[in-house]
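Me: Please take this structure apart with me, one question at a time. I would like each answer to end on the value or name I ask for.

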Amino acid sequence: MRFVVGLSLLIRAFEDVYGNLEGRRLEALARLLAQNVRIYAYPMTVTDLQEWLKGVSTTGWEWSETNGWVSVTQLRRAPPLGHLFAYLLASNFLVPVQVPAEP
């Protein structure tokens, strides 16, 4: 199964507490990323990402940019959650979607 999401939804999935699940965040991510499931993450503009992060009061995320865009490979989260994020990216559970280059 494949999902396509923007960075804002991906960040939200990592930041939610999931208090209704016994294993909280780890259980939620384990259920979402079952065998043969991939999340294709569509990039956001730096401006949109900054505005969105201000609106949800989320901290701990850093990024670099290319031509005003931030892809999932350029997004980083502070540890310890950052270790899980990096693992999911390295294991191709999170797959970057490339923005077409401008002519």
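**Charge pairs, fold and local geometry**

Me: Which residue meets the side chain of arginine 31 in a salt bridge?
Reply: This is a predicted model, in which local features need pLDDT of at least 70 and side-chain atom pairs count only at pLDDT 80 or more, while totals for chains, interfaces and linings use all residues. Residues are numbered from 1 along each chain as its sequence is written, and side-chain values use heavy atoms, with hydrogens and water left out. A salt bridge here is a side-chain nitrogen of Lys or Arg within 4 Å of a carboxyl oxygen of Asp or Glu. At 2.7 Å, N to O, the partner of arginine 31 is glutamate 27.

Me: How far apart along helix H2 are arginine 31 and glutamate 27, in helical turns?
Reply: Helices are DSSP runs of H or I with at least four residues, strands are runs of E with at least two, and both are numbered from the N terminus. Helix H2 spans residues 24-32, and the two partners sit four residues apart in it. That spacing puts arginine 31 and glutamate 27 apart by about one helical turn.

Me: Which class of exposure does glutamate 27 fall into?
Reply: Buried means under 20% relative accessible area, exposed over 50%, and partly exposed in between (1.4 Å probe, protein chains only). Arginine 31 is exposed at 56%. Glutamate 27 has a relative accessibility of 22%, so its class is partly exposed.

Me: How many residues apart in sequence are the parts tied together by arginine 77 and glutamate 15?
Reply: The structure holds two salt bridges, and one of them joins the side chains of arginine 77 and glutamate 15 at 2.9 Å, N to O. Arginine 77 is in strand S6 (residues 75-77) and glutamate 15 in helix H1 (residues 7-15), so the parts the pair ties together have a separation in sequence of 62 residues.

Me: What pattern does the protein chain follow when read along the sequence?
Reply: The protein chain has four helices and seven strands. Written in sequence order, with α for a helix and β for a strand, the pattern is β-α-α-β-β-α-β-β-β-α-β.

Me: What radius of gyration does the protein chain have?
Reply: The radius of gyration is taken over C-alpha atoms, and the globule rule is 2.2 Å times the number of residues to the power 0.38. For 103 residues that rule gives 13 Å, and the chain is close to this, so it is as compact as a globular protein of that length. The radius of gyration of the chain is 14 Å.

Me: What share of the contacts with a separation of 6 or more comes from residues 24 or more positions apart?
Reply: Contact means heavy atoms within 4.5 Å. Serine 71, in the loop between strand S5 (69-70) and S6, offers an example of what contacts look like here: beyond its neighbours within four places in sequence, serine 71 touches Leu7 and Pro43. For the protein chain, the share from residues 24 or more positions apart is 62%.

Me: Is serine 71 buried or exposed?
Reply: Across the protein chain, buried residues make up 34% of the 103 residues. Serine 71 has a relative accessibility of 12%, so it counts as buried.

Me: Which residues are joined by a cis peptide bond?
Reply: Most residues other than glycine have a negative phi, and most peptide bonds are trans. Here one bond has an omega of about 5°. The second of its residues is in the loop between S6 and helix H4 (81-90). The cis bond joins proline 79 and proline 80.

Me: What phi does asparagine 92 have?
Reply: Serine 57, in the loop between helix H3 (46-56) and strand S4 (61-63), has a positive phi near 55° without being a glycine. Asparagine 92 lies in the loop between H4 and strand S7 (94-96). Although asparagine 92 is not a glycine, its phi is positive, at about 65°.

Me: How far apart in space are leucine 32 and valine 97, C-alpha to C-alpha?
Reply: Leucine 32 lies in helix H2. Setting aside neighbours within four places in sequence, leucine 32 contacts Phe3, Val37 and Ile39. Leucine 32 and valine 97 are 65 residues apart in sequence, and their C-alpha separation is 19 Å.
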